[in-house]
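User: Please take a close look at one helix of this protein for me. I would like to see the whole first, then the part.

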Amino acid sequence: MISDKQKKEAVEACLREGFEPWRSKVRGKGSAVLEAGRRLKLNRNALTDWCRAQAALASDGKKNFLPNWKLYIAPVPANDNTPVGRRELHDSAYWRTRAHSMEKELAAIEKLLEEVGGIRSLDVPKPEWLLKHGTGKRNRSVLSMLFTDLHMGEVIDPDEIMGLNAFNPAIAERRAQRFFQAACEIGPRWAADTKVEGMLLNLGGDLISGDIHEELRITNGLTSHEQVRAVVSILIAGIKLLLKVYRRIHVTSVPGNHARTTFKPTAKLYSKLSYDTLIAQMVADAFAGDARVTFQITPANDAIIPVLGYTAFLTHGDKMGTGGGQGFAGPLLPIVRGTKKVEAQQARAQRRPDIIMHGHYHHSANPGPVFSNGAFPGYSEYGNGLRASLELPQQWLFLIHETWGVRERAEIKLETPAIPARPASSMPKEMAA
């Protein structure tokens, strides 16, 4: 039995030999369909009926074996100097074919003359990607929260900075709750056209104020142990809120400098001697029976997180190999230098990061692939002493897309911007007016 593929090949072979396409009005060597049927030893109308069936399948968008009629090669007409036989003189099909060929040749010559004369430019073929339609596949995405520098327990007295800011444990809890609520509200809107795999919660250190300085031990509103309990409670509540929106949560933790349990920073056991690590472990214990929440608590200062084919790098920022701020540029120059050192170090280890996340500087910035985080306390007595620029308390929220990488990003403002109240003065009314 002759297959559909063999029938198609037979018809297309006849087309290349100059036999006319099916339903063609040109008369020359004859029909390619009839000639193919004769060669395959089929009934006269068998291949014609087969062509009708394949055309119907093609019009319905179904799989078919309809021959490619564009393969037809018209016979080369005789030149003007070639003598025309008696038969051709009275063959109208011959003259129609010859006229058509002459028109095509004349058009090609005219186009060539215009191009040589500079009248019009050469045709530029359309890129293939412009002609392709979307596949309809929903790409995957992951939301990412950079949660650093909560400084639970710290107290910022507004009177000491002329009413520019205030901070205490109650405000810290309120701002953390606002960050989690923003992630639940904004994230799904960003990822509406993707398949959301879950939320990446990056705990980047300095979750407590600690007592590493004498002034902190005096002014903190909570002891270090009370600070730890308060942060654990906030994170457990926040993760439970996220689970109402996201099906999976992956928590990554690195230590910061404020949460150390030693008087001076150490090189060894830095993570194991940190309250930040203890907080992450206590939160992990709270979700030990919940497979939806996973934890990556590193014994190192840094963490490497694979996300949808990208490599994310999380560090607190105090060990990037650079110091504090620099002149009018503030901390931005040390941030750029430090993250370049991180990139170089990791590149030598064959694991150059696509995304770098850190805190520590209390300065929100996004130079290149870097997310430098703000801080929950906001403007403080320390920043005021440096005459640092005022920055609202804020944290980074961004979406990592399977195809586009970091696609959406926002600095989540943890307080509604407002003009600070005019500081009180003891100046006599008559003198101040």
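Analyst: The protein exposes about 25300 Å², and carbon and sulfur atoms supply 55% of that area (Shrake-Rupley method, 1.4 Å probe; for residues, only the protein chains shown count as cover). This is a predicted model: local features need pLDDT of at least 70, side-chain atom pairs count only at pLDDT 80 or more, and totals for chains, interfaces and linings use all residues. Residues are numbered from 1 along each chain as its sequence is written, and side-chain values use heavy atoms, with hydrogens and water left out.

The protein has 13 helices and ten strands (DSSP runs: H or I, at least four residues, for helices; E, at least two, for strands; numbered from the N terminus).

Now to α10. This helix has twelve residues. From first C-alpha to last it reaches 17 Å, close to the 16 Å expected (1.5 Å times one less than its number of residues). At its start, a side-chain oxygen of S274 comes to within 3.1 Å of the backbone nitrogen of D276.

Its buried residues are Y275, D276, T277, I279, A280, V283 and A284 (buried: under 20% relative accessible area, 1.4 Å probe, protein chains only). They pack against α9, β3 and β4 (contact: heavy atoms within 4.5 Å).

The largest nonpolar core has 49 residues (buried Ala, Val, Leu, Ile, Met, Phe, Trp, Tyr and Cys joined through side-chain atoms within 4.5 Å). Among the elements that give two or more residues to this core are α10, α9 and β3. The largest share, ten residues, comes from α7.

Note on methods. Buried means under 20% relative accessible area, exposed over 50%, partly exposed in between (1.4 Å probe, protein chains only). A polar contact is a pair of N or O atoms within 3.5 Å; within protein, one must be able to donate a hydrogen and the other to accept it, and residues adjacent in sequence count only if both atoms are side-chain atoms.
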